[in-house]
Amino acid sequence: MWHNMAFALTGDMGIPSYIIHYENYTKSFDEVLFGLLDFLKADFTGKMPEFIQGKVYRNFFSKENIKNVGLAAKELALPVTWEHIRHYFDDDGL
């Protein structure tokens with residue numbers, strides 16, 4: 001629901017937003033970093049904490065649990081929210 005509310009609020013109020021998907025850090029870290037800095041109109045200071053890649057938690061859950069979470073998310077998500085999270089469930093038969 002957090003994502004639904006964030007999309008609804010920023011859309012209703014016309015607030016600009018910048019969406020970052022976790023996996024993009026590992027695929028194109030510099031692109032994400034400098035895209036965010038550009039969005040924030042901030043300068044790169046060269047000081048930032050180390051980003052530790054590869055944190056995944058799917059192995060904590062059964063395939064059935066993951067599929068059921070995906071089905072619930074699909075049912076409860078606003079269309080814009082689902083478009084941004086659906087790729088997390090593509091391999092789960094949704």
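This is a short tour of helix 3, asparagine 4 and a salt bridge in a predicted model.

Let's start with helix 3, which covers residues 63-76. At 1.5 Å a residue, its 14 residues should span 20 Å, and the end C-alpha atoms are indeed 20 Å apart, so the expected and modelled spans agree. Three residues here are buried: Ile66, Gly70 and Ala73. Looking down the axis, the buried residues of helix 3 fall within an arc of 65°, so they line one face of the helix. That fits the usual pattern: an α-helix has 3.6 residues a turn, so residues three or four places apart point the same way. Part of the cover over those buried residues comes from helix 4 (79-85). Flip to the face turned away from the buried side and you'll find Glu64, Glu75 and Leu76, which are exposed.

Now for asparagine 4, which sits in helix 1 (residues 2-13). Is asparagine 4 buried or exposed? Its relative accessible area is 6%, under the 20% cut-off, so asparagine 4 counts as buried. Leaving aside residues up to four places away in sequence, asparagine 4 touches Leu76, Ala77, Leu78 and Thr81. With threonine 81 there is also a side-chain polar contact.

As for salt bridges, the count comes to 1. Arginine 86 and glutamate 83 form it. Arginine 86 has 33% relative accessibility, which means it's partly exposed.

Here are the two side-chain pairs together:

| Pair | Kind | Distance |
|---|---|---|
| Asparagine 4 and threonine 81 | polar contact | 2.7 Å |
| Arginine 86 and glutamate 83 | salt bridge | 3.2 Å (closest N and O atoms) |

Key: Residues numbered from 1 in each chain as written. Predicted model: local features only at pLDDT ≥ 70, side-chain atom pairs only at ≥ 80, totals over all residues. Heavy atoms only, no water. Helix = DSSP H or I, 4+ residues; strand = E, 2+ residues; numbered from the N terminus. Expected span 1.5 Å × (residues − 1). Buried < 20%, exposed > 50% of the residue type's maximum accessible area, 1.4 Å probe, protein only. Arc of directions from axis to C-beta. Contact = heavy atoms within 4.5 Å. Salt bridge = Lys/Arg side-chain N within 4 Å of Asp/Glu carboxyl O. Polar contact = N/O pair within 3.5 Å; in protein donor to acceptor, adjacent residues only side chain to side chain.
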